[in-house]
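This report goes through one protein model, starting from its interior and working outward to the strands and the ligand site. Please keep the structure open while reading.

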Amino acid sequence: MTPPPDPAPSARPFRELMARWATGVAIVTAHDASGDAGLTVNALLSVSLTPPSLLISLSQDADTTPVIHRSGSFAVNFLAADQRALSERFALPSPPSEKFKDLAFHRERTGAALLDGTLGAAECKVVAWTPRYDHVLILGEVVHQEVGRDSPPLLFFRSGYSSTDGAGVLHLAPPKAPE
Ligand SMILES: Cc1cc2nc3c(=O)[nH]c(=O)nc-3n(C[C@H](O)[C@H](O)[C@H](O)COP(=O)(O)O)c2cc1C
């Protein structure tokens with residue numbers, strides 16, 4: 001007998017599954033006539049070396065998404081372990097005036113903010129814009145890149161931040177108690 005098909009996977013178990021996938025954390029920024037925008041991301045991958053290109057997946061609801069659409073460009077800032085507060089700040093639904101308040105950054109090719117003190121940054125021009133579900137997949141070709149501090153990265157795992165101690169030893173976010 002043919003086994004019954006698996007029920008369609010639902011969002012919550014999928015979130016728990018993906019919480020087992022450790023990632024770095026970055027802040028994506030963009031700039032247009034309306035000003036600066038930015039958000040914390042971990043849905044990010046390197047696509048090719050020739051040309052250097054990367055992909056981000058942004059919520060269609062995020063305020064930063066239309067700024068990238070209008071400007072045709074964005075920057076990715078890779079966070080160091082001691083920049084957790086920045087990650088938390090840019091993950092809030094607060095206006096850019098609060099997100100960028102007292103923040104040190106500079107601009108290069110696209111006008112998007114390149115934050116000081118990161119591990120590095122890449123500025124991209126948008127070469128493909130692919131809406132899927134409630135997100136949009138944005139492929140960017142790198143037009144400018146900078147290598148920054150040589151420090152441990154900020155990591156996201158088990159729906160929480162992991163950190164390193166002074167000796168560079170990784171301390172993973174503790175397991176979550178079952179709900
Ligand atoms: C660790 C972490 C990773 C995140 N990754 C993403 C992501 O890849 N794509 C996304 O759209 N939102 C992501 N978010 C949520 C956004 O940062 C959040 O919704 C933010 O408030 C959007 O800001 P905006 O509306 O000003 O653009 C992430 C949040 C955290 C804490």
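In this predicted model, the largest nonpolar core holds 32 residues, and those touching the most other members are Ala26, Ile27, Val28, Phe74, Ala75, Val76 and Leu79. Eight named elements each give at least two residues to this core: the strands β2 (26–32), β3 (35–41), β6 (73–78), β8 (114–115), β9 (120–132) and β11 (155–157), together with the helices α2 (64–71) and α3 (84–90). Alanine 26 shows how such a core residue is placed: beyond its neighbours within four places in sequence, its contacts are Val41, Leu44, Val76, Asn77, Phe78 and Leu79.

**Overall build**

The chain contains 4 helices and 13 strands. Its C-alpha trace spans about 60 × 40 × 35 Å along the principal axes. Is the radius of gyration what a compact globule would have, or not what it would have? For 179 residues the globule value would be near 16 Å, and the chain has 18 Å, so the two agree. Buried residues account for 27% of the 179 residues. Among contacts in the chain with a separation of 6 or more, 63% join residues 24 or more positions apart.

**Strand pairing**

Strands of a sheet pair through backbone hydrogen bonds, in either a parallel or an antiparallel sense. The table lists pairs in this chain, each with a pair of residues that stand opposite one another or are bridge partners.

| Strands | Sense | Bridges | Residue pair |
|---|---|---|---|
| β6 and β9 | antiparallel | 6 bridges | Val76 and Ala122 |
| β9 and β10 | antiparallel | 12 bridges | Cys124 and Val142 |
| β5 and β10 | antiparallel | 7 bridges | Ser59 and His135 |
| β1 and β11 | antiparallel | 2 bridges | Gly24 and Leu155 |

Strand β9 pairs with β6 and also with β10, which covers residues 135–147. Valine 76, one of the core residues that touch the most other members, stands opposite alanine 122 of β9. Further along β9, alanine 128 faces leucine 139 in β10. The strands β9 and β10 form a hairpin with 2 residues between them, where tyrosine 133 takes a positive phi near 55 degrees. Strand β10 in turn pairs with β5.

Which strands make up the open sheet, and in what order? The sheet has 4 strands in the order β1-β11-β12-β13, with antiparallel pairing. Its edge strands are β1 (23–24) and β13 (170–171), each of which pairs on one side only. Strand β11, which pairs with β1, is also among the elements that supply at least two residues to the core.

**Ligand shell**

How many residues surround the ligand, and which are the closest? There are 17, and the closest are Leu39, Val41, Ala43, Ala62 and Thr64. Strands β3 and β5 (52–59) each supply at least two residues of this shell. The strand that gives the most is β3, with 4 residues. By class, the shell has 11 nonpolar, 5 polar and 1 charged residues.

Two parts of the picture meet here. Strand β3 contributes to the ligand shell and also supplies at least two residues of the nonpolar core. Val41 is among the closest residues to the ligand and is in contact with alanine 26. Strand β5, for its part, gives residues to the shell while pairing with β10 over 7 bridges.

Terms used. Residues are numbered from 1 along each chain as its sequence is written. This is a predicted model: local features need pLDDT of at least 70, side-chain atom pairs count only at pLDDT 80 or more; totals for chains, interfaces and linings use all residues. A nonpolar core is a set of buried Ala, Val, Leu, Ile, Met, Phe, Trp, Tyr and Cys residues joined through C-beta atoms within 7 Å. A residue is buried if 20 or more other C-beta atoms lie within 10 Å of its own, exposed if 12 or fewer, and partly exposed in between; C-beta atoms are placed from the backbone. Two residues are in contact if their C-beta atoms, placed from the backbone, lie within 7 Å. The radius of gyration is taken over C-alpha atoms; the globule rule is 2.2 Å times the number of residues to the power 0.38. Two strands pair if DSSP finds at least two bridges between them. A residue is near a molecule or strand if its C-beta atom, placed from the backbone, lies within 6 Å of it. Ala, Val, Leu, Ile, Met, Phe, Trp, Tyr, Cys and Pro count as nonpolar, Asp, Glu, Lys and Arg as charged, and the others, Gly among them, as polar.
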